[in-house]
Amino acid sequence: MELAINKEKLVSTKPILKWAGGKTQMLGNIMPKIPETYGRYIEPFVGGGALFFALTPYHAIISDSNPELINTYQEVANHVDLVIKYLHQYKNTKEDFYAVRALDWTKLPKANAAARMIYLNKTCFNGLYRVNKKGQFNVPYGKYKSPNYCDENSLYSASEILQRATIVCDDYRSVLKNYAKPGDFVFLDPPYLPISEYADFKRYTKEQFYEEDHTELAKEVGRLQELGCYVILTNSNHPFVHELYAPYKIEIVPTKRYISCNGNNRKGEDVIVTAFPKSKPLLRAVPKPLPEQVSKYPATRFMGSKSKLLEQIWSVASQFEFNTVVDLFSGSGIVGYMFKAQGKSVISNDYMAMSAAFTKAMVENNQMILPLEEAETLLVRRKESDHFVAETFKGLYYSDLENELIDTLRTNIAAIKEPYKHAIAMSALIRACIKNVLVEFLHIPGNGIMTGEKI
Ligand SMILES: C[S@@+](CC[C@H](N)C(=O)[O-])C[C@H]1O[C@@H](n2cnc3c(N)ncnc32)[C@H](O)[C@@H]1O
């Protein structure tokens, strides 16, 4: 997947048509959400193209199911001089307006049809495009004193931007099927789901956009995300919209709507849905060797130990960004130690007390030490032990003296409050038992067993 950065941007320009539901006012909310890099810009409900003209993307596919609109963009792209020439022929009078409105655009030369659309858009009431059930433009005359319907500068810059785009007249489904590829940025601004039955504008084309269409569009968003596209969608802040886009990030933004039955400005709320590709990490086939330090971890024979899989574990884990590892079943602790050797903090846990003590002392612990003098005090019997080892294991593993020593150490270690010191002392005792080196403690000078204060 190759991503292009839009470095060669043209200076952004204004849309050439005023469009119901145009996104000019929402640009401040939408722009920061757009990915830094993406493949192509695809806008299949382009309408007035507020975002497209503001972004001036280098590679763009813009489309709409409104053939008159698409003809206008194609003509402004390819024959802007001719469009301007036709525009100069139109006059802002009521008679001319209704005479031009009565013309069938499909019978006019294409550049003239484009000029007619721009003229009507700028001189009609409230400057919007709306058609009746037969698809005929039906907005009344606007009575504006001097509407600028032939803004040559804007038309020339729009022409330059449009020339770089692929301009298509089709249903959004076909457009997305034919063009969307992994890495593309898709901006979806469909006709909104009406908040109330009468107050919302619905007719951009002969066909309307019903609830079923919104359901289908939401499925398409899921497909695009799976494909690896960056999708941003806008709609009204309607409970059904929240239901449809529940799996994605939804932001509610205040908007001013200019379309209502009585023409008044109305405040409302829109939503911006973002559905960006889920990251799919690639597995590295050949794991890299681990740092030397990993091999220094004291070996403990442990059933199910992952000591032979450390390189593979690291090769997968290293593809994610993280600082802390939680090793919930630490066992011998070798996996946690491998992460520690790679500079990660490790929190360790095990249901088995021996494992938990080892890993807490040797893996999770980063700073605490148990000074020798403090360790030696643990050999001193200060209070009577519970004699658990001496009584339970008498004659089994160690001598009576050694069992007494273990009980004394257990009692003293239990009194250590600092958890890491506690874990270090416990680990030392366990290892001494495993390695059968307890007897060495008994021969430390001064540890005259059972004879004095010390054992
Ligand atoms: C909300 S407007 C888009 C406004 C635009 N983003 C702007 O800034 O001006 C919705 C557009 O979707 C178009 N449309 C409606 N149904 C469509 C469909 N099935 N496929 C493609 N376009 C459709 C309408 O013609 C209309 O231009």
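Where is the place of Lys 143? Let's find out, and then try some more exercises on this predicted model.

Before we start, note that residues are numbered from 1 along each chain as its sequence is written. Because this is a predicted model, local features need pLDDT of at least 70, side-chain atom pairs count only at pLDDT 80 or more, and totals for chains, interfaces and linings use all residues.

**Exercise 1. Place Lys 143 and Asn 126, and say whether each is buried, partly exposed or exposed.**

Step 1. Lys 143 sits in the loop between H6 and H7. Helices are DSSP runs of H or I with at least four residues, strands are runs of E with at least two, and both are numbered from the N terminus.

Step 2. Count neighbours using C-beta atoms placed from the backbone: 20 or more others within 10 Å make a residue buried, 12 or fewer make it exposed, and anything in between is partly exposed. Lys 143 has 12 C-beta neighbours inside 10 Å, so it counts as exposed.

Step 3. Asn 126 also lies in the loop between H6 and H7. With 13 other C-beta atoms within 10 Å, Asn 126 is partly exposed.

Step 4. Now look at the backbone. Most residues other than glycine have a negative phi. Phi is positive for Lys 143, near 55 degrees, and positive for Asn 126, near 65 degrees.

**Exercise 2. Describe how helices H3 and H7 meet.**

Step 1. Find H3 at residues 67-78 and H7 at residues 152-163; their axes come within 7 Å and cross at roughly 100 degrees. Axes are lines fitted to C-alpha atoms, for helices over the stretch in contact, and angles run from 0 to 180 degrees between N-to-C directions.

Step 2. Name the arrangement. Angles under 35 degrees count as roughly parallel, over 145 as roughly antiparallel, 65 to 115 as roughly perpendicular and the rest as oblique. H3 and H7 are therefore roughly perpendicular to each other.

Step 3. List the residues in contact (C-beta atoms, placed from the backbone, within 7 Å). H3 brings Tyr 73, Val 76 and Ala 77, while H7 brings Leu 155, Ala 158, Ser 159, Leu 162 and Gln 163.

**Exercise 3. Explore the largest nonpolar core.**

Step 1. A nonpolar core is a set of buried Ala, Val, Leu, Ile, Met, Phe, Trp, Tyr and Cys residues joined through C-beta atoms within 7 Å. The largest one has 67 residues, and those touching the most other members are Val 76, Val 83, Ala 114, Ala 115, Ile 118, Val 186 and Val 231.

Step 2. Which helix gives the most to this core? That is H6 (residues 110-123), with eight residues.

Step 3. Follow Ile 118: leaving out residues up to four places away in sequence, Ile 118 touches Ile 16, Leu 17, Thr 72, Leu 87 and Tyr 149.

Step 4. Apart from this core lies another, of 13 residues, including Ala 357 and Leu 378.

**Exercise 4. Compare Asn 112, Val 437 and Met 303.**

Step 1. Asn 112 lies in helix H6, and its 20 C-beta neighbours inside 10 Å make it count as buried. Its C-alpha atom is separated by 9.9 Å from that of Gln 89, 23 residues apart along the chain.

Step 2. Val 437 is in the loop between helix H17 (419-434) and helix H18 (438-442). It has 10 C-beta neighbours inside 10 Å, so Val 437 counts as exposed.

Step 3. Met 303 is found in the loop between strand S7 (266-275) and helix H11 (310-317). With 6 other C-beta atoms within 10 Å, Met 303 is exposed. Met 303 and Ser 332 are 29 residues apart in sequence, yet 8.9 Å apart in space, C-alpha to C-alpha.

**Exercise 5. Sum up the whole protein and its confidence.**

Step 1. The protein has 18 helices and nine strands, and 33% of its 455 residues count as buried.

Step 2. The mean pLDDT (the predictor's confidence in each residue, from 0 to 100) is 86, with 86% of residues at 70 or more. Over residues 259-265, pLDDT stays under 50.

Conventions. Two residues are in contact if their C-beta atoms, placed from the backbone, lie within 7 Å.
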